[in-house]
Amino acid sequence: MADEDANQEKPLMNENSRPNGGNRPVITLCSLPHGYIGIVAPMFAALAFLLAINATERCNFISVKTYAIVNNTITLRRSHSTGIWLTEGNNTICEPYPSNTPIDSKIVSSRVFSIMAPIIGGVGMIILCMSACVPMRAVIWNSTGVLLFLACFLQGLVLLIFSTDFCTIIRPGVYTSCAVSQGAAICISAMFFWFAAAIASMKYNPPDVKSLGKPIGAPTERTVTTEETRPDGTKIVTTTTTFD
């Protein structure tokens, strides 16, 4: 009887469910470790990034109208649209600015800010999008919010193009005016979403990374360790790990 009892497998540890892997959290990639509320800021940032790029590439950012004044009568001489990098050519086809077009400091500044805004905001967008796969600490979320606020500010500076020379020409018998066109409206929308993403990221208080448990859909780890004693006294320890 003693030999039979010795030959039986003796479990060293009962079957144990370890959803958190002991003291360490089990994180499955791209399983929304912060929950669904954590994807609000990345969605706003991604939308702002796409709008910013679209506004920059348009040739109808502003609508320029040139008026002639003859005998106290105001007559519209020309109406066309222009953009930050492109202008509206014949048959409303977008084309580069003519070589003889004077490019003042306001246009140059608008172009610089149109590049900086999506770059800085894009960095913040990538960080926030990574949070859908990798848990991040609150300090990273708050720092990203600062980047998005900066992107919002730079996006607003793109509108400096409205103070360029061809929007403020006033000379005897002729004056021009500029109005918001589709590109500028999209730029303003990008500002709004940069701002919304910044607020969402700074207001969101993610749980501490160490306290994150098993995300929804992650497998549960079960480990069983058994010990077998053979007649010659040899002990064999077997560990089996399953996931379900």
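These legends walk through a few views of a predicted model.

**View 1. The whole chain, with its five helices and nine strands.** Following the sequence from start to end, you meet these elements in the order α-β-α-β-β-β-β-α-α-β-β-α-β-β. The chain has 244 residues, and 36% of them count as buried. If you look at contacts between residues at least 6 apart in sequence, 70% join residues at least 24 apart. The exposed surface comes to about 14100 Å², with carbon and sulfur atoms supplying 61% of it.

**View 2. Serine 181, in the loop between strand 7 and helix 5.** Strand 7 covers residues 174-180 and helix 5 covers 182-203, with serine 181 placed between them. Serine 181 counts as buried because its relative accessibility is 15%, and the cut-off for buried is under 20%.

**View 3. Around the side chain of serine 181.** Here you can follow the serine 181 side chain to the backbone oxygen of asparagine 60, at 2.9 Å. Once neighbours within four places in sequence are set aside, the residues in contact with serine 181 are Asn60, Phe61, Ile62, Ser63 and Ser81.

**View 4. A nonpolar patch on the surface.** Trp85, Ile115, Ile119 and Val123 make up this patch, which has an area of about 350 Å². To find your way, start from valine 123, which belongs to helix 3, residues 105-130. Valine 123 has a relative accessible area of 41%, so this residue counts as partly exposed; that value falls between the 20% limit for buried and the 50% limit for exposed.

Conventions. Residues are numbered from 1 along each chain as its sequence is written. This is a predicted model: local features need pLDDT of at least 70, side-chain atom pairs count only at pLDDT 80 or more; totals for chains, interfaces and linings use all residues. Side-chain values use heavy atoms; hydrogens and water are left out. Helices (H or I, at least four residues) and strands (E, at least two) are DSSP runs, numbered from the N terminus. Buried means under 20% relative accessible area, exposed over 50%, partly exposed in between (1.4 Å probe, protein chains only). A polar contact is a pair of N or O atoms within 3.5 Å; within protein, one must be able to donate a hydrogen and the other to accept it, and residues adjacent in sequence count only if both atoms are side-chain atoms. Contact means heavy atoms within 4.5 Å. Accessible areas come from the Shrake-Rupley method with a 1.4 Å probe; for residues, only the protein chains shown count as cover. Patches are made of residues with over 30% relative accessible area and no salt bridge: like charges are joined within 9 Å, nonpolar side chains (Val, Leu, Ile, Met, Phe, Trp, Tyr) within 5 Å. A salt bridge is a side-chain nitrogen of Lys or Arg within 4 Å of a carboxyl oxygen of Asp or Glu.
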